[in-house]
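Visitor: I've got a structure to look at, and I'd like to know what stands behind the labels people put on it. Could you take me through a few of them?

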Amino acid sequence: MELQNYTLNFGPQHPAAHGVLRLVLELEGETIVRADPHIGLLHRATEKLAETKPYVQNIGYMDRLDYVSMMCNEHAYVRSIEKLLEIEVPIRAQYIRTLFDEITRILNHLLWLGATALDIGAMSVFLYCFREREDLLDCYEAVSGTRMHAKYYRPGGVAQDLPSSMPMYTASRWHTEREVEKMNEHRHGSLLDFIWAFTERFPKCVDEYETLLTDNRIWKQRNVDIGIVSPEQALDWGFTGPMLRASGVVWDLRKKQSYAAYDLVDFDIPIGKTGDCYDRYLVRVEEMRQSNRIIKQCVEWLRINPGEIKAQDHKVTPPKRVEMKDDMEAMIHHFKLYTEGFSLPAGEVYSAVEAPKGEFGIYLVSDGANKPYRLKIRAPGFAHLSGYDQMVRGHMLADGVAILASQDIVFGEIDR
């Protein structure tokens with residue numbers, strides 16, 4: 001039988017192309033011979049814009065890079081500033097950052113799991129995952145006032161302490177008193193009480209996802225032995241995070257180059273054996289369980305250890321509003337901080353965190369001014385997408401979708 005060669009545009013309109021990816025696929029029949037990812041359709045010049053803004057104003061740009069892992073992006077950026085300033089972050093702020101890094105990891109993996117299942121053809125999982133995401137987005141809203149782009153991490157700590165109460169639903173034409181009572185079941189205490197209630201029920205939710213997928217015959221047929229990456233290839237191609245660990249490489253910045261309070265909590269690093277799409281799925285599911293474990297330890301510590309949530313250097317962190325009311329010096333500090341910001345000593349620094357997708361790094365160059373001289377963002381998804389061509393060769397067209405989904409691609413960070 002004679003096979004015909006095709007050149008096919010996959011995306012950017014295709015729903016499985018995750019927004020703005022254009023793949024130029026060379027097909028032999030239905031087998032992919034070559035894949036050429038075309039990126040740049042979401043380029044917003046973040047790195048260049050950062051050179052025009054004071055340091056604190058750039059935090060909001062970080063949220064909009066990988067817009068599914070907002071606070072982890074902020075963490076890398078504020079750590080780079082703290083390294084150059086050589087300021088000490090209070091231990092309570094470190095625990096709060098660890099807590100929200102892991103909440104962010106679960107948020108990311110829930111969206112990934114729902115979207116990947118949807119790409120492969122399983123509808124129900126998407127609805128299950130978004131049920132849990134709602135609770136965690138409420139935690140974002142409780143500390144920052146917004147569900148996504150939080151701008152909660154600040155140089156020297158976090159913007160404000162954890163609230164002592166949660167917003168409550170009220171009865172309306174859409175919800176009866178009875179429904180509202182159920183919706184407010186875990187909202188009568190503090191934010192920490194709300195998070196604790198979530199950690200108590202979340203393992204059963206993960207069991208539900210696994211019941212739907214892990215031993216599902218169709219799910220296995222679509223994922224097992226698809227897009228295999230050997231440990232050597234994963235290292236050569238610059239893979240990090242679940243993409244690297246699924247290939248059997250034990251590398252996690254939270255353990256290897258510990259930051260925040262990760263050296264004070266207990267957790268395991270899940271790794272795969274084969275490096276296929278199925279292993280990448282299993283690694284991320286287990287990461288959700290481990291994140292839940294870390295969150296529990298953080299909540300326990302934060303409940304019994306009150307304290308400062310930002311460094312007490314008012315050249316970098318704003319004074320309390322109470323102090324501003326009757327202290328002229330505090331008022332001046334506040335005014336100067338929010339008009340011209342602060343200056344970093346001249347130098348360069350690289351700071352990386354273990355974001356949900358892999359190593360998210362910030363390379364910052366300062367010339368002594370109040371804004372960056374140069375900012376370079378190391379996005380994990382960029383390295384993963386560059387390996388797509390090698391991963392997909394010899395696979396069927398439908399497998400190309402599964403492989404792309406397993407990479408957990410978000411274009412905010414790739415195109416920047």
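Guide: Here we go through some labels and the values behind them, keeping in mind that this is a predicted model.

Visitor: What makes Arg 34 and Glu 26 a salt bridge?

Guide: The N to O distance between their side chains is 3.5 Å. The cut-off is within 4 Å for a side-chain nitrogen of Lys or Arg and a carboxyl oxygen of Asp or Glu, so the pair qualifies.

Visitor: And how do you know whether Arg 34 is buried, exposed or partly exposed?

Guide: Its relative accessibility is 35%. Buried needs under 20% and exposed needs over 50%, so Arg 34 counts as partly exposed. Glu 26, with 32%, is partly exposed too.

Visitor: Why are Arg 245 and Asp 252 called buried?

Guide: Both come out at 0% relative accessibility. The limit is under 20%, so buried is the right word for Arg 245 and Asp 252. They also form a salt bridge, with the closest N and O atoms 3.6 Å apart.

Visitor: What else does Asp 252 form a salt bridge with?

Guide: Arg 254, with 2.7 Å between the closest N and O atoms. That is within 4 Å, so this pair passes as well. Arg 254 has 5% relative accessibility and therefore counts as buried.

Visitor: Which residues are linked with these in a network of salt bridges?

Guide: The network links Glu 102, Arg 105, Arg 245, Asp 252, Arg 254, Glu 287 and Glu 354. The structure as a whole holds 29 salt bridges.

Visitor: Over to the strands. What makes strand 6 and strand 8 edge strands?

Guide: The sheet is open, with three strands in the order 6-7-8 and antiparallel pairing. Strand 6 (347–355) and strand 8 (374–378) each have a single partner strand, so one side of each has no neighbour in the sheet. From one strand to the next, the twist averages 10°.

Visitor: How do you know that strand 7 and strand 8 pair?

Guide: Five bridges join strand 7 (residues 358–366) to strand 8. Pairing takes at least two, so they pair, and they run antiparallel. Gly 361 stands opposite Arg 378 in strand 8. Helix 3 (residues 70–85) packs on this sheet, touching strand 6, strand 7 and strand 8, and its direction makes about 150° with that of strand 6.

Visitor: Why are helix 5 and helix 7 called roughly antiparallel?

Guide: The axes of helix 5 (residues 124–144) and helix 7 (residues 191–213) cross at roughly 165°. Anything over 145 degrees counts as roughly antiparallel, so the label fits. Those axes come within 10 Å, and helix 5 passes helix 7 in a left-handed crossing.

Visitor: Which residues meet there?

Guide: Among them are Val 125, Tyr 128 and Leu 136 in helix 5, and Phe 194, Phe 198 and Leu 212 in helix 7.

Visitor: One last pair. What is notable about phi of Glu 86 and of Asp 408?

Guide: Most residues other than glycine have a negative phi. For Glu 86, phi is near 55°, a positive value, and phi of Asp 408 is also near 55°.

Visitor: Where do they lie, and is each buried or exposed?

Guide: Glu 86 lies in the loop between helix 3 and helix 4 (91–120). Its 73% relative accessibility is over 50%, so Glu 86 counts as exposed. Asp 408 lies in the loop between helix 17 (397–406) and helix 18 (411–415). At 6%, under the 20% limit, Asp 408 therefore counts as buried.

Definitions and conventions
Residues are numbered from 1 along each chain as its sequence is written. This is a predicted model: local features need pLDDT of at least 70, side-chain atom pairs count only at pLDDT 80 or more; totals for chains, interfaces and linings use all residues. Side-chain values use heavy atoms; hydrogens and water are left out. Buried means under 20% relative accessible area, exposed over 50%, partly exposed in between (1.4 Å probe, protein chains only). Helices (H or I, at least four residues) and strands (E, at least two) are DSSP runs, numbered from the N terminus. Axes are lines fitted to C-alpha atoms, for helices over the stretch in contact, and angles run from 0 to 180 degrees between N-to-C directions. Contact means heavy atoms within 4.5 Å. Angles under 35 degrees count as roughly parallel, over 145 as roughly antiparallel, 65 to 115 as roughly perpendicular and the rest as oblique. A crossing is left-handed if the near helix is turned anticlockwise from the far one by less than a right angle, and right-handed if clockwise.
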